[in-house]
Amino acid sequence: MSTEGHGDWKRRESWKSALTQVAVVAVVLAGAVAYFVHRGTVRKETEEHLRAARAAALRGNPSDLTRAMAELEKLFQLDSDARDAQALAADIQTVLWLEHHQPGADARAREYLARAEALDSRSGERHGARALHLLAEGKTAEAEKYLADLQTQGANSPRLTLAQAFTLQAKGDLPGARQAFARAAENAYRDPRFTTAYGEALLDEGQPAQAVEAFEKATSVNPDHLMARLGMGLAHAYQGKKLEEAERALATAREKQAELTPALTSRAGALKAELALSRGAADQALQEADAALKAVPDDVHALFARARALAARKVPEARGAFEAAVAKRKTAPLLYLDGARSLQASGDTTGALALLDAYEGAFGAIQVASADGKKVPLLEQDGRYWLARGGLLEAAERQDDALVAYDKAIAAKGVGLAKAQYAKGALLVRRKDYEGAKALLAVIAPDTGAGSLPEAYSAMGDLLFAQSAYAAGCQHYYFGLVRARAQGMPREELASRIDTVKKGLESAGQGAMAKAWLNETGALLQ
């Protein structure tokens with residue numbers, strides 16, 4: 001092939017052309033470097049905002065959640081497709097919606113969750129929020145299946161465990177829910193939200209002493225956690241103990257008035273109502289409960305305080321008020337069991353029994369896992385329910401039915417076994433079945449003084465006096481008084497019991513023993 005007239009192509013490339021090419025390459029390289037530097041800077045800034053948001057949310061108060069959302073909004077200006085950040089925003093807004101009843105949070109929670117799901121976030125925040133949304137919509141079975149499918153896929157996080165606890169609670173499987181709440185709180189011990197949720201569940205179950213322990217753990221992580229502080233105050237009020245702690249919780253809430261959400265306002269109002277009841281101020285309690293319900297109309301603890309205030313006033317409306325509370329939270333034993341006691345104390349035994357009938361209707365079909373892994377009816381293991389029912393039946397002079405209930409309470413072999421044995425034993429003493437009563441009471445009121453129930457020793461004293469065993473009876477009465485004093489019984493009540501025993505001895509012709517009894521027990525009143 002001829003090349004004449006064409007010349008060498010390398011020679012035709014001028015120095016200007018070479019410089020141009022070098023410049024183009026330099027521009028491309030500079031652009032690439034700028035792109036990667038910018039990308040790295042954006043990634044670093046988004047990570048910093050996400051860390052700051054998680055740290056703020058971890059403290060758990062509404063103001064902390066607001067600060068966390070501010071960090072996330074800054075993040076979204078840099079990267080609106082940050083899927084885990086969208087999931088965290090959904091989780092925060094879900095808390096503000098379902099736990100704090102913050103207006104508008106429900107729509108925001110759904111919006112952020114939809115974005116997180118569209119971006120296919122795999123975080124626990126996304127899945128936990130979805131399960132809670134299903135529960136809020138009343139779709140308990142769907143929430144249960146959703147969580148079961150995730151578990152099959154190997155998903156595991158404290159938020160999923162917490163969602164499972166709420167699901168089991170909604171189903172009425174309270175033992176399973178309690179275990180799940182405990183696991184979630186243990187695995188997320190640095191987040192007071194989880195331990196507070198456990199404390200709230202224990203409050204609903206009518207276990208205030210255990211609830212106090214949970215709230216104390218939450219406040220050990222964040223001493224300023226408002227829901228935990230107010231929850232602990234309410235637990236103390238339910239026990240009638242450490243009411244000064246409850247007052248301090250209210251003082252803290254007043255100091256942070258501007259930060260209170262509707263739920264915190266309602267909780268503070270319910271606590272005010274319970275403290276008023278502890279002072280015997282039923283009218284004030286009713287006013288406080290009504291004010292609390294203006295903040296959150298379906299707050300069960302405010303509804304419960306209102307019902308208790310009406311029962312204290314001994315008005316017929318009390319029964320309907322307890323029924324209204326139960327309708328809002330059908331799986332909260334507190335509302336039934338303590339409600340029945342309040343109605344009984346107000347003289348409405350029929351209403352109290354109706355409330356326990358509703359309890360049996362709510363939990364009668366629930367199956368739970370036994371110690372050996374088998375499914376058994378929840379009521380078979382519910383000693384508290386049968387003990388409460390037995391007490392009401394006994395008060396209604398339905399002694400045979402009461403004995404059946406006490407037998408079921410004993411068969412449950414729960415933590416209240418000793419109280420069930422005492423209740424049946426005391427009833428048998430009333431029926432003059434002394435041998436049957438002694439078989440039960442001797443176990444929980446031994447003559448060594450090692451028993452812990454003052455009332456069991458008192459019942460054994462009654463039995464022994466009925467059999468003219470006055471010396472042994474005095475010994476058991478004394479053990480009971482010592483236990484009662486150690487457990488905080490007021491001096492006036494101790495003195496009354498001492499006087500009752502003295503009069504019993506005197507009426508039996510045991511004057512010398514009556515004098516000795518006063519001498520021996522005098523030290524208990526000092």
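**Figure 1. Helix H18 gives the largest share of the lining of the largest pocket.** In this predicted model, H18 supplies seven residues to that lining, the largest share. The pocket holds about 1900 Å³ of space. Its lining counts 46 residues, and those that lie nearest the centre are Gly 206, Arg 341, Arg 384, Leu 387 and Lys 419. Let your eye wander around the walls, and you will meet each element that gives two or more residues: helix H9 (174–187), helix H11 (208–221), helix H12 (226–239), H18, helix H19 (349–363), H20, helix H21 (399–412) and helix H22 (417–430). Sorted by class, the lining has 24 nonpolar, twelve polar and ten charged residues.

**Figure 2. Helix H18 packs against helix H20.** Here we stay with two of the elements that line the largest pocket. H18 spans residues 333–345 and H20 spans residues 383–395; their axes come within 11 Å and cross at roughly 15°. The two helices are therefore roughly parallel to each other, and H18 passes H20 in a left-handed crossing. On the H18 side, look for Pro 333, Leu 337, Ala 340, Arg 341 and Gln 344, which meet Arg 384, Tyr 385, Ala 388, Gly 391, Leu 392 and Ala 395 of H20. This contact has seven nonpolar, two polar and two charged residues. Two of its members may look familiar from the previous view: Arg 341 and Arg 384 are also among the residues nearest the centre of the largest pocket.

**Figure 3. Pro 175 of helix H9 and its partners from elsewhere in the chain.** Pro 175 is found in helix H9, one of the elements that give two or more residues to the pocket lining. Once neighbours within four places in sequence are set aside, Pro 175 is in contact with Val 368 and Leu 378. Gln 381 is also worth finding here: 206 residues separate it from Pro 175 along the chain, while their C-alpha atoms are 9.9 Å apart.

**Figure 4. Helix H9 packs against helix H10.** This view keeps H9 and adds H10, which covers residues 192–204; the pair packs at an angle of about 155°, with axes 8 Å apart. That angle makes H9 roughly antiparallel to H10. The crossing of the two is left-handed. From H9 come Arg 178, Phe 181, Ala 182, Ala 184 and Ala 185, and they meet Phe 194, Thr 195, Ala 197, Tyr 198, Ala 201 and Leu 202 in H10. By class, the contact divides into nine nonpolar residues, one polar and one charged.

**Figure 5. Helix H6 packs against helix H8.** Our last stop shows H6, residues 124–136, beside H8, residues 158–171. Their axes lie 8 Å apart, and the packing angle is about 15°. H6 and H8 are therefore roughly parallel to each other, and their crossing is left-handed. In H6, the residues to pick out are Gly 124, Glu 125, His 127, Gly 128, Ala 131, Leu 132 and Leu 135. They meet Arg 159, Leu 160, Ala 163, Phe 166, Thr 167 and Ala 170 in H8. The contact of H6 with H8 has seven nonpolar, four polar and two charged residues.

Methods:
Residues numbered from 1 in each chain as written. Predicted model: local features only at pLDDT ≥ 70, side-chain atom pairs only at ≥ 80, totals over all residues. Heavy atoms only, no water. Axes fitted to C-alpha atoms, helices over the stretch in contact; angles between N-to-C directions. Helix = DSSP H or I, 4+ residues; strand = E, 2+ residues; numbered from the N terminus. Parallel < 35°, antiparallel > 145°, perpendicular 65-115°, else oblique. Left-handed = near helix turned anticlockwise from the far one by under 90°. Contact = heavy atoms within 4.5 Å. Nonpolar A, V, L, I, M, F, W, Y, C, P; charged D, E, K, R; others polar. 1 Å grid on protein atoms, 1.4 Å probe; cavity = no way out; pocket = protein on both sides within 12 Å on 5 of 7 lines; lining within 4 Å. Points joined across faces, edges and corners; volume = space filled by probe spheres on them.
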